[in-house]
Amino acid sequence: MDERDVEQVLRAGLAGHAERADVTAPVAARARAAVAHRHRTRWGVVAAAAAVVLVIGGAAVLTRGGDDRAAEPPGVADSGTTVADPPAGWRTEYYGGVAVDVPAAWGYGGAPLPSQPLTVCAPGGPPGYVGRPIVQTDVCTYLRSGWQPTAPYVWLGAALAPGTEEWDNGYVQETVEVAGTTVTVGTADAHLRAQVLATVRPGDLCDATLDAVPSGHLDLSREGTGTPRPSTLCAYRRDASGELVLAYGRRIAGRALAESLEAVSTAPASEAKCDVDELVVLTGDFDDRYGGGPASQHQELMVAPDCGYVDIGGAPRKLTDAAVHPWADPGVRATLFYFIGPQG
Amino acid sequence: MDVEVTDRATPAEAGFDAWVEARIAALLRFAYLVTGSQTAAEDAVQAALVSACEKWARVSRRDDPDAYVRRMVVNAHISAWRRAGRRESPVAAVRETSGADPAAEVAQQDAVWRLCAALPPQQRAAVVLRFYEDLDYPEIATVLGITEATVRSHVHRALTALRRELEADDRGEA
């Protein structure tokens, strides 16, 4: 049997099997309905944005009258274009084009999935949680049939229309959309809900999306690297359309980047050839201690966990635990499949 | 057909609807071969169509809509495969068929389907694009976002594996 015969068998076999597909399934109609739903969601944005402005004003008044600093709402970003530290006891969460501040003690969980807006896989628990539309387990919760929230939450990027829902147990869920990303806050505490909603703003720590998988870059001098300055971690995941969307971001200590860089520099070369579905970009500047001025060395690591390599410019290096450990916080571990692991 | 062009459809929407109506059957068959499952095929095509519709002005102007949707179908399948822990792709049960030489035809189609089930998703997509969609190597490389050399390697290894499978069948080893 020569190659032409094998090709002919392959063509005939594929053609025969293709005929078994049910091409009458109403897939196009379902796609149209999903698009229409999203359009309705976007029409709600203007009203939602106005609501956010009102909430921000109300929260500002509450803040001035408060005397408990730990419970104070975070400062409202004035322009939405600068990275500001959240106040003590709060942290900033990023997803897609949006940023929001939440109580620092909250954990991580799931949020309604784009394909199944009434399903959450791994809802978190007390004292509260930040959920992303990511499957963390194959045990999922259907948000009807008597489900009621039992802990405050912020869902980022959930496929929900702006608006408000109420539960019998006093929980109220409010969804707004900013910079193309929804933020949903659910809690029985109206003050807390207003506090969190008041901080919703366009995110500016990381790019909301990436057009392509970036390359790493190292500035090295013969004298070595100097003192690291605060750095940035941006984690991306490829969505159903193939676009790399920001899934998680935070500022990290420069030391974490330095430790990861040191581990990568001693790791063996990687021969991995792989389509990158999720990646982490670590970016930071180190003082150039012999530069004689304010000059700095810019370092950028592109970590592809699912492909097992790190790009620092030039030949990729194998990803090792030592390279991951300095920055793999609970948020990263709840966001990337490399850490979540397979389900089912 | 389940797609309607209403009076309120914009020209862009009407263009999308017309394209979907013409291509939906082919896209579903392609997705079925790539995913090996009717359900997965429907999910992948639906997600791809939603994205294509929302970006239709750009997709129809700058890209080949077929290539765009095929690429998203493949990406969705590869992502699902990775999330599931690289388990074997689902394969629909091989059904009896009728033909001039039913036994030989069934045996060969069975061998093809077994081969497809064993291939990693990207390689399987390359095979489907080459031998079902009749795309050439540069076109496949564009759809899959990989080099032409990788496409050739995928296809060559698949053909070698199928030849082994068919020869084993001939010897009665299967």
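**Group meeting: chains A and B, a predicted model**

I'll start with one residue. Setting aside neighbours within four places in sequence, A:Pro326 is in contact with A:Ala256, A:Glu259 and A:Ser260. This is a predicted model, so please hear everything that follows in that light. A:Pro326 sits in the loop between α5 (321-324) and α6 (330-333) of chain A. Is A:Pro326 buried or exposed? Neither, strictly: A:Pro326 has 19 other C-beta atoms within 10 Å, and is therefore partly exposed. The cut-off for buried is 20 or more. One further distance for A:Pro326: A:Ala263 is 63 residues away in sequence, yet the two C-alpha atoms are 9.8 Å apart in space.

Now chain A as a whole. Chain A has 7 helices and 19 strands. Of its 344 residues, 42% are buried. If we take contacts in chain A between residues at least 6 apart in sequence, 63% of them join residues at least 24 apart.

On confidence, the average pLDDT of chain A is 79, and 79% of the residues score at least 70. There is a stretch to treat with care: over residues 41-82 of chain A the pLDDT is below 50, although beyond near neighbours in sequence this stretch has 54 contacts in the model.

Next, the strands, beginning with β17. Strand β17 of chain A covers residues 296-304, and 7 of its 9 residues are buried, so I'd call the strand mostly covered by the cut-off I gave for A:Pro326. Which strands pair with β17(A)? Take β16 (residues 278-287) of chain A to begin with: 8 bridges join β16(A) to β17(A), and the two run antiparallel. Within that pairing, A:Gly284 has A:Gln299 in β17(A) as its bridge partner. Strand β13 (residues 217-218) of chain A also pairs with β17(A) in the antiparallel sense, over 2 bridges. There, A:His217 is matched with A:Glu300 of β17(A). Then comes β18 (residues 309-311) of chain A, antiparallel to β17(A) over 3 bridges. A:Val303 has A:Val310 in β18(A) as its bridge partner. β17(A) and β18(A) form a hairpin with 4 residues between the strands, and in this hairpin A:Gly308 takes a positive phi near 75 degrees.

Two open sheets of chain A come next. One has 3 strands in the order β1-β2-β11, with antiparallel pairing. Its edge strands are β1 (90-95) and β11 (201-202) of chain A, each pairing on one side only. Strand β2 (residues 98-103) of chain A pairs with β11(A) over 2 bridges in the antiparallel sense, and A:Val98 stands opposite A:Pro202 in β11(A).

The other open sheet has 6 strands, ordered β3-β5-β7-β10-β9-β8 in chain A, and its pairing is mixed. β3 (107-110) and β8 (163-166) of chain A are the edge strands, each pairing on one side only. On average, neighbouring strands of this sheet are turned by 20 degrees against each other, direction ignored. Inside the sheet, strands β7 (residues 153-156) and β10 (residues 181-187) of chain A run antiparallel and are joined by 4 bridges. A:Leu156 stands opposite A:Val183 in β10(A). What packs on the sheet? Helix α3 (residues 190-197) of chain A does, touching β7, β9 (172-178) and β10 of chain A, and its direction makes about 160 degrees with that of β10(A).

Now the interface. 40 residues of chain A are in contact with 48 residues of chain B. On the chain A side, the elements giving two or more residues are α1 (3-18) and α2 (27-65). The most comes from α1(A), with 12 residues. By class, that side of chain A has 21 nonpolar, 8 polar and 11 charged residues.

Last item, a helix pair in chain B. Two packed helices are described by the angle between their axes and the distance between the axes. For α6 (residues 121-131) and α8 (residues 148-170) of chain B, the axes come within 9 Å and cross at roughly 85 degrees. That angle makes α6(B) roughly perpendicular to α8(B). Which residues meet? From α6(B) we have B:Gln122, B:Gln123, B:Ala126, B:Val127 and B:Arg130, and from α8(B) we have B:Val151, B:His154, B:Val155 and B:Ala158. By class, this contact has 5 nonpolar, 3 polar and 1 charged residues.

That's the end of my slides.

Methods
Residues numbered from 1 in each chain as written. Chains lettered and ligands numbered in written order. Predicted model: local features only at pLDDT ≥ 70, side-chain atom pairs only at ≥ 80, totals over all residues. Buried ≥ 20, exposed ≤ 12 C-beta atoms within 10 Å, placed from the backbone. Contact = placed C-beta atoms within 7 Å. Nonpolar A, V, L, I, M, F, W, Y, C, P; charged D, E, K, R; others polar. Pairing = 2+ DSSP bridges. pLDDT = per-residue confidence, 0-100. Axes fitted to C-alpha atoms, helices over the stretch in contact; angles between N-to-C directions. Parallel < 35°, antiparallel > 145°, perpendicular 65-115°, else oblique.
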